[in-house]
Amino acid sequence: MPIVLAPVGQKVRIVAMSLDEEVKKHLTDMGVAIGSEVEVISNAGGSVVLDVLGARVALNRDVAMKIRVA
């Protein structure tokens with residue numbers, strides 16, 4: 001499922017990212033990578049906020065729709 005559908009407060013594992021290589025590399029550098037476990041902190045408005053290794057990362061909804069989690 002896309003990460004935008006994950007419930008707030010739930011930890012999920014990233015299983016796929018359908019993004020161009022530049023965006024994928026940028027996210028990977030921040031810890032948002034295939035196999036990473038992240039927690040959805042907020043899913044309101046136009047962005048999704050994640051807890052990634054203790055840091056908060058905000059993704060716009062278009063990018064978040066292309067990240068699949070389990």
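How do strand 2 (residues 37-42) and strand 3 (residues 47-52) pair, and over how many bridges? In this predicted model, the two run in the antiparallel sense and are joined over 3 bridges. One of the pairings is easy to pick out: Ser-42 has Val-49 as its bridge partner in strand 3.

Zooming out, strands 2 and 3 belong to an open sheet of 5 strands, laid out in the order 4-3-2-1-5 with antiparallel pairing. Strand 4 (55-60) and strand 5 (67-69) sit at the edges, each pairing on one side only. Ignoring direction, neighbouring strands of the sheet are turned by 50° against each other on average.

Next comes the nonpolar core. The largest one contains 20 residues, and Ile-3, Val-32, Leu-50, Leu-59 and Ile-67 have the most contacts inside it. Two or more residues come from each of strand 1 (11-17), strand 2, strand 3, strand 4, helix 2 (61-64) and strand 5. Ile-67 is worth a look on its own. With neighbours within four places in sequence set aside, Ile-67 touches Met-1, Pro-2 and Ile-3, along with Ile-14, Ala-16, Met-17 and Leu-19. Leu-27, Val-32 and Leu-59 are also in contact with Ile-67. Among these partners, Ile-3, Val-32 and Leu-59 turn up again in the list of residues with the most contacts inside the core.

That leaves the two ends of helix 1 (residues 21-29). At the N-terminal end, Asp-20 acts as a cap, with a side-chain oxygen 3.2 Å from the backbone nitrogen of Glu-22. After the helix comes Gly-31, which has a positive phi, near 100°.

Note on methods:
Residues numbered from 1 in each chain as written. Predicted model: local features only at pLDDT ≥ 70, side-chain atom pairs only at ≥ 80, totals over all residues. Heavy atoms only, no water. Pairing = 2+ DSSP bridges. Helix = DSSP H or I, 4+ residues; strand = E, 2+ residues; numbered from the N terminus. Axes fitted to C-alpha atoms, helices over the stretch in contact; angles between N-to-C directions. Core = buried A, V, L, I, M, F, W, Y, C linked by side-chain atoms within 4.5 Å. Buried < 20%, exposed > 50% of the residue type's maximum accessible area, 1.4 Å probe, protein only. Contact = heavy atoms within 4.5 Å. Polar contact = N/O pair within 3.5 Å; in protein donor to acceptor, adjacent residues only side chain to side chain.
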